[in-house]
Each structure stands twice: as structure tokens, then as C-alpha cells.
Amino acid sequence: MSAEVKTKKFVVVGGGIAGVTCAEQLASQFPSDEIVLITAAPLIKAVTNFKQISRTLEDFNVEEQPISVLEEKYPNLKVVQSAVRKLQGAQHTLQTEDGREFHYDKLCICSGGRPKLLTEDNPYVLGIRDTDSAQDFQKRLSKAKRIIVVGNGGIALELVYEVEGCEVIWVIKDKAIGNTFFDGGAAQFLIPSLQADKAERAGPCKRTRYTTEDASPTYSRAGVREERSIPSTGSALGPDWHADMTLQGAQQVSHKVHVEYRCEVQMIYTSEEHLLRASGQSPETGCMPPADSGPWPVFVQLKNGKTYGCDFIVSATGVIPNTGPFLSGNSFVLAEDLGLSVDDHMRTSVANVYAAGDVCTACWETSALWQQMRLWTQARQMGWHAARCIAADVLDEPIDLDFCFELFTHITKFFNYKVVLLGKFNAQGLGQDHELLVRCSPGAEYVKVVLAEGRMVGAVLIGETDLEETFENLMLNRMDLTAYKDELLNPNIDIEDYFD
Ligand SMILES: Cc1cc2nc3c(=O)[nH]c(=O)nc-3n(C[C@H](O)[C@H](O)[C@H](O)COP(=O)(O)OP(=O)(O)OC[C@H]3O[C@@H](n4cnc5c(N)ncnc54)[C@H](O)[C@@H]3O)c2cc1C
Ligand SMILES: NC(=O)C1=CN([C@@H]2O[C@H](COP(=O)(O)OP(=O)(O)OC[C@H]3O[C@@H](n4cnc5c(N)ncnc54)[C@H](OP(=O)(O)O)[C@@H]3O)[C@@H](O)[C@H]2O)C=CC1
């Protein structure tokens, strides 16, 4: 071993929720060992004010903090700010971009994910992941009159609701909005909020908070924002990331969203190519001259035959786990979604290497009521569980899968409504073998329950329903509800008392 190699028992890679939670847990459990957290970003994400609301529901704040705050809190935790360049799993070593080398006994990879863009090399196609990309989006939006948002998940739902002063064309593959998080019924419930002006929308609702201690971008001495030659590697944003950001375009319109349902992007081309098409000189002979001429820098042709010009395109089309190139050359087994495959002890296929958060894919036989989604809560839970598994391994103790993996729970906010998702909320994997009970009060609440063989296996709760804890219990207790089906969603019955 060379003289510069530093031997550390525990090394964690990634300063997002998963990595920081894992490193903190290891630091508390092994106070006399030094834990090293290596992260590419100058700020870390820390969970604060954690509260266990019920058996599986949790609430916490997330703070973006300077590295020093973490080191002050845990004297045995050292944070190295540099990207990992190479992992040599067989030798148990890591090399960082700044030329250092670390030797580990146990390693946990928490390198998160990056946006899965429609195309990687088009300057008009943006993804939103971290503070830098969100600020870039905000800057470009301030000059935009029309943007196209592609995707039907979390980011798209947030953007189409928040953006003002700019026309938004929202392109989704599905027949209803928000397919990743809810069904057509919930979409119907939410659509009026999308069309309403901000003043008419639902009142404020409480949920997990996100604060930044010093999220200011880096500036060079001349006061010009420094351009990065490598893709930005900050941690993922989270709930309310846009709360302190003005998402305002260059137009006088308040809020104008047009949804193109059931279609996908066929082609993206520049204004020069657009002119060639209009004059019939396009290489694709026989194609129709495109509609929607205008002084747009970029055009999007959809598979339904329509073409829209716009200032830029937001590709809100999911996440790819950050597994390379620093991991190449090792024999990691990847899951279908390209995440590092982990077992119920958060172990990858490489000896002594664990993984947690967005970078990994849960490949154990999961509970019938849990599924992985790349979310903040799961990043925290996985980071915490990984640390406990590492500790159990080192101390040669047995450890069970944590209880939080029994039932999927997610509390969030869409269109300013509180949204709680429980279990198989969209009847995932149930085929036709299920029954739905729905209660809806337009503008106030939407409640959907999924029953399978008389038992509650999932629920979508929109609005201040106050049902989450009771439903959580009904799901965890696997109670047969056949006899109570007709009363379950009766608004005149206090369901909590009913099952007390
Ligand atoms: C816009 C947006 C809004 C979101 N809103 C919500 C929400 O409302 N609710 C919710 O639950 N979830 C939300 N999410 C998802 C949530 O933010 C992520 O699931 C979660 O933060 C993932 O945490 P992580 O620690 O696994 O990864 P990340 O936060 O991505 O952290 C990865 C870390 O690894 C570091 N890293 C990467 N490569 C290297 C390397 N080679 N060497 C060293 N360090 C490296 C990075 O610098 C970073 O610190 C949102 C995500 C986005 C993008
Ligand atoms: N409030 C919350 O909980 C929020 C959570 N997040 C999280 O942040 C991460 C990133 O968000 P986001 O990018 O919205 O990812 P999501 O995974 O939430 O959604 C991606 C969406 O894009 C669609 N899609 C994928 N490929 C294409 C394509 N080529 N053309 C058209 N549509 C496509 C997907 O459809 P399909 O599924 O059919 O492939 C899906 O509707 C996710 O992990 C998300 O859960 C983000 C914001 C808010």
C-alpha cells in the first residue's frame, strides 16, 4: 500500500439524504472510529426535526448545510469534498478527483441519480435535479413566453402548477395527469386547480419542509457565474424546492396550461430546420409543413402530428441512478432500471459494498404493501438501514429488515393539496383482482381505497382527510373489511372511533 493511502473502516459516498443519514448513523454507532463521507457537492443535505408520526408515517425537515456543520456535530465524521473518480472493489480502494486514495473495510454508495433526459445533447432540453439546474431553469424561464414540459411525474406536476407568466404545453403519454402518483379519478379532482388562477386555488397546506442554509451559487471574482465543464453533481432537490423561487415567465398571462394527452415527442428541431421544413426543403421529403410558425428557437413535433414552437423544453422524464463511470470495472449487478441491485441488507453484489437511496434498486422480496419509489423518505430510510446493516455485519449480529419497508407511505403536496399515498395506492401489480372505493368532494377531498380479498391494500388521500393513520393501521393489521365495506368511506361515520 502506498504511503498516501488512508485506511478508513467506513467510507460513504454522496452528501444527499441517503449518504448523510448513513454517515451520521455510523458516526453515532462507532464513536471511536473515523467515518469518511466523500461528496462531489460543496453542501450536504441533513434531516432535522425527524418525527415518527405513526408506525410508518414520518415527518422531517431537510436542510442544505455547509460541510462544516456536519463535522462539528460528529467529531469522528470527516467530510471530503471531491468526486470519486474510481472504485477498485477488489482492492477496497477509492480514488478521488483531487488525487487522494482511501482504503475502506465497508463502503456505502449513495451517489443518487441524474435526470433521464429525452436527449442529452440538445441545449434547449433541460432537466431539473439540484440547486444549479433549478436556478438555470428559473433564469431561462424569466425570458420565456412558452415552454414545453414532457413527463407526467412529480417534477411535471409541480412545474405546470407553479409556473406563471408563460404558456405551458404539457405533453404526457397517459390519458390522465399525474399517472406516477395517482389515477384518473384523482386527476379529475385536481384538474380544476390547474386551470384556476393562483388566487382561487386551494389554501396553504403543511408538509415536510426544505430549507437552504447557503444555497447561493458560486461566483468568480469578476462576478460572472462560473460555468461548469462537468455535469452538475449536487444533491437532488426535494419538497418545496420552488418555494423561494419566482417561477415567472416573460408574458403577462397568469397561468396558462394546455395538456397534450396520450402522446410523446417525435422529434425536436431548431428554427433553421423549421424554416427548411416550411420551404419544403426538409430532408424528410413528403412531410407536412409544420404548423405554429413563430420566432421560436426550437420546435417539438409530437407523435400525434402536432408541432409546437417554444423557448425551451423541460424533460421531466424520470431519474437514472448515478452508477458510472466511477463504478465501471467492478462486477456490480444492475437492476432493470440500472440501479445497483441491493438485497435486504442493502448489500450490492460486490463484497463489502452497500448502497442506499436513488442509486440503488431494492431487489429483495419486498412486502406485499411496499414498493420502491425514488423519494426523500426512502433515501433516508435506506441510508439508515444500510448503516445498521453495516454495523450488524461488523459486530456479527443478526438484523431484520426495518419495519418502514412493510408499508409504502408518502406524504406530499400537489396543486396545493396535501396528498398521502399508502401501500399499493394505484393497485400496482394487482391486475383485475381488486376493488376500488371512492369518495370525492370537489374542491375539498378525494379518497380512494384499494381492497383485495376484502383487505385494504392501498389508498390515495387528497385534502385534509385525517384518515392516514387509521388506514395505515387497517393495512398493517390486514383486517378483513368485507363486512364494513359499505361504511368505510361514509363521511358521517368517524372511522377512527369505528375501528377503535
Ligand atoms: C425537483 C425535485 C423535486 C423533488 N421533490 C420531492 C418531494 O417532494 N418529495 C420526495 O420525497 N422526494 C422528492 N424528490 C426526490 C428526492 O429529492 C430524492 O429521491 C432524494 O433526494 C435522493 O437522495 P439521495 O441521497 O439518494 O441522492 P442525491 O440527493 O442525488 O445525492 C447524491 C449525492 O451524491 C453525490 N455524488 C454523486 N456522484 C458522486 C461521485 N462520483 N463522487 C462523490 N459524490 C458523488 C452528489 O454530490 C450528492 O451529494 C425530488 C427530486 C427532485 C429532483
Ligand atoms: N412531490 C413529490 O413526491 C415529488 C417527487 N419527485 C421525485 O423526483 C424524481 C424526478 O421526478 P420526475 O422526473 O418527475 O420523475 P417521475 O419518475 O416522477 O416521472 C417521470 C415521468 O416521465 C414519464 N416519461 C418517462 N420517459 C418518457 C418519455 N420518453 N416521454 C414522455 N414521458 C416519459 C414517465 O412515464 P412512465 O412512468 O409511463 O414511464 C413519468 O410519467 C422522481 O424520483 C420523483 O419521484 C419529484 C418532484 C416531486
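Ligand 2 is surrounded by 21 residues in this predicted model, and those that come nearest are G151, N152, G153, G154 and R374. The helix α4 gives the most to this shell, with four residues. In chemical character, the shell around ligand 2 divides into eight nonpolar, nine polar and four charged residues. Residues of domain 1 (6-113 + 320-405) and of domain 2 (117-220 + 230-315) both enter this shell, so ligand 2 lies between the two domains.

Ligand 1 has a shell of 40 residues, and the closest of them are G14, G16, G112, G357 and W376. Four elements each supply at least two residues here: the helices α1 (17-29), α4 (154-162) and α7 (376-395), together with the strand β2 (35-39). The helix α4 therefore serves as a handy landmark when the two sites are viewed together, since it supplies at least two residues around ligand 1 and gives the most to the shell around ligand 2. Sorted by type, the shell around ligand 1 holds 19 nonpolar, 17 polar and four charged residues. Domain 1 and domain 2 each contribute at least three residues to the shell around ligand 1.

The UniProt record, an unreviewed entry, places the feature "domain: FAD/NAD(P)-binding" at residues 9-178 and 298-383. In the span 9-178, helix accounts for 24% and strand for 39%, and the C-alpha atoms at its ends lie 44 Å apart. The span 298-383 is 9% helix and 29% strand, with 41 Å between its end C-alpha atoms.

One residue of interest is K175, which sits in the loop between β12 (167-171) and α5 (184-195). K175 counts as exposed because it has 10 C-beta neighbours inside 10 Å, where 12 or fewer is the limit for that class. Its contacts, leaving aside residues up to four places away in sequence, are G184, Y261 and R262. For the pair K175 and Y261, 86 residues apart along the chain, the C-alpha atoms are separated by 5.5 Å.

R262, one of the residues touched by K175, also deserves a look for its backbone. Most residues other than glycine have a negative phi, and most peptide bonds are trans. The phi of R262, however, is positive, near 50°. R262 lies in the loop between β14 (256-260) and β15 (265-270), and its 12 C-beta neighbours inside 10 Å mean that R262 counts as exposed. A positive phi is also found at M346, near 60°. The loop holding M346 runs between β20 and β21 (353-355). In contrast to R262, which is exposed, M346 is buried, with 29 other C-beta atoms within 10 Å. The peptide bond from G324 to P325 is cis, and its omega is near -5°. P325 is placed in the loop between β19 (319-321) and β20 (340-342).

Finally, the chain as a whole can be summarised. Its secondary structure comprises ten helices and 27 strands. Of the 500 residues in the chain, 41% are buried. Among contacts between residues at least 6 apart in sequence, 66% join residues at least 24 apart; the contact of K175 with Y261, across 86 residues, offers a ready example for the reader with the structure on screen.

Key
Residues numbered from 1 in each chain as written. Chains lettered and ligands numbered in written order. Predicted model: local features only at pLDDT ≥ 70, side-chain atom pairs only at ≥ 80, totals over all residues. UniProt positions renumbered as here; feature names shortened; annotations may be inferred. Buried ≥ 20, exposed ≤ 12 C-beta atoms within 10 Å, placed from the backbone. Contact = placed C-beta atoms within 7 Å. Near = placed C-beta within 6 Å. Nonpolar A, V, L, I, M, F, W, Y, C, P; charged D, E, K, R; others polar. Domains from an automatic or database assignment.
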